[in-house]
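Biologist: Could you walk me through one part of this model in detail? I'd like the ligand site, and then whatever you can say about helix packing.

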Amino acid sequence: MSAIETTPTVVHARGLWRTYGADETAVAALRGADISVFGGEILAITGPSGSGKTTLLNCLAGLDSADEGTIDVLGTEVHGLDYEAAVEWRRQNLAILFQDPGLFPYLSARENVEISLRIRGIDRATRKRSTTDALERLGLGNHADHRPIELSGGQQQRVAIARALAAPPKLLIADEPTAQLDADTSLLVLDELRGAVETHDLTVIMTTHDPTAQAFADRSVRLVGGTVLDGGTASDEVTVSDQEAQ
Ligand code: ADP
Ligand code: MG
């Protein structure tokens with residue numbers, strides 16, 4: 001039996017095109033990209049700079065709209081959501097890690113994590129406990145009261161990861177989550193992702209240039225020139241031969 005039959009598909013996106021600009025300045029960031037992601041896996045998306053990785057993640061998260069194609073994420077047709085519905089859908093289902101940690105500058109590490117739990121309606125006692133636990137697991141127990149300006153880039157990135165995982169979502173979409181981290185800290189973060197996958201049935205999609213992160217993933221696909229190579233589904237051979245047949 002193939003993985004498709006045994007594992008629920010969390011992401012099923014087909015034929016995604018996204019062009020920025022118009023006429024001679026137009027850039028086709030996605031050119032018919034297909035991708036499938038299965039429940040409980042860590043999928044790495046690799047590919048050269050400018051190949052469309054961030055654009056693809058933004059489209060999957062409903063932060064950007066593909067010009068063509070269909071995107072089903074967790075049973076929701078993301079391409080059909082209006083702005084308000086997309087915001088609510090993300091709040092309930094997703095955590096997103098951008099390349100920029102995006103912390104509130106006047107809030108401490110602890111407050112930055114806690115505020116995201118508050119937005120999700122989590123009660124005060126659970127917020128407090130989950131925030132402390134997440135910061136400690138990411139090695140930031142002694143930095144909980146520091147503001148972003150008092151933290152290194154890597155520490156800020158770890159606060160953002162603690163924020164994403166303090167109350168694990170169904171799907172984590174992460175753009176180069178280990179790019180700013182040293183080797184030991186990368187492993188700490190990847191272990192944390194694996195722990196959340198195993199304990200909370202989280203699914204992870206991450207773009208990465210980091211060979212350690214790629215090796216750590218359950219599966220990887222490669223984006224080149226806005227097209228997914230190496231198969232966008234678990235049954236790579238079928239997908240590649242299907243594409244060639246068309
Ligand atoms: P990657 O994340 O793989 O480096 P991106 O998705 O960021 O690639 O970019 C893919 C292509 O689309 C690049 O040529 C980039 O310059 C272009 N691009 C991305 N976002 C925009 C935008 N908002 N406006 C114009 N061009 C963009
Ligand atoms: Mg990018």
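Modeller: Here's the ligand site, followed by one pair of packed helices. Keep in mind that this is a predicted model. The shell around ligand 1 is made up of Tyr-20, Val-27, Ala-29, Pro-48, Ser-49, Gly-50, Ser-51, Gly-52, Lys-53, Thr-54 and Thr-55. Sort those by class and you get four nonpolar, six polar and one charged. As for where they sit, β2 (27-38) and α2 (53-60) each chip in at least two residues, and α2 gives the largest share, with three.

Now for the polar contacts. Thr-55 uses an N or O atom of its side chain, 2.6 Å from an oxygen atom of ligand 1. Gly-50 works through its backbone instead: a polar atom there is 2.7 Å from a ligand 1 oxygen. Ser-51 also brings a backbone N or O atom, 3.2 Å from an oxygen of ligand 1. On its own, ligand 1 would expose 560 Å², and the protein buries 57% of that.

On to the helices. α6 (residues 153-165) and α7 (residues 183-200) pack at about 5 degrees, with axes 11 Å apart. Angles under 35 degrees count as roughly parallel, so that's what we call α6 and α7. From α6, the residues in contact are Arg-158, Ile-161 and Leu-165. Facing them from α7 are Thr-185, Leu-188, Val-189, Glu-192, Leu-193 and Ala-196. By class, this contact has six nonpolar residues, one polar and two charged.

Methods: Residues are numbered from 1 along each chain as its sequence is written. Chains are lettered from A and ligands numbered from 1 in the order in which they are written. This is a predicted model: local features need pLDDT of at least 70, side-chain atom pairs count only at pLDDT 80 or more; totals for chains, interfaces and linings use all residues. Side-chain values use heavy atoms; hydrogens and water are left out. Axes are lines fitted to C-alpha atoms, for helices over the stretch in contact, and angles run from 0 to 180 degrees between N-to-C directions. Helices (H or I, at least four residues) and strands (E, at least two) are DSSP runs, numbered from the N terminus. Angles under 35 degrees count as roughly parallel, over 145 as roughly antiparallel, 65 to 115 as roughly perpendicular and the rest as oblique. Contact means heavy atoms within 4.5 Å. Ala, Val, Leu, Ile, Met, Phe, Trp, Tyr, Cys and Pro count as nonpolar, Asp, Glu, Lys and Arg as charged, and the others, Gly among them, as polar. A residue is near a molecule or strand if one of its heavy atoms lies within 4 Å of it. A polar contact is a pair of N or O atoms within 3.5 Å; within protein, one must be able to donate a hydrogen and the other to accept it, and residues adjacent in sequence count only if both atoms are side-chain atoms. Accessible areas come from the Shrake-Rupley method with a 1.4 Å probe; for residues, only the protein chains shown count as cover.
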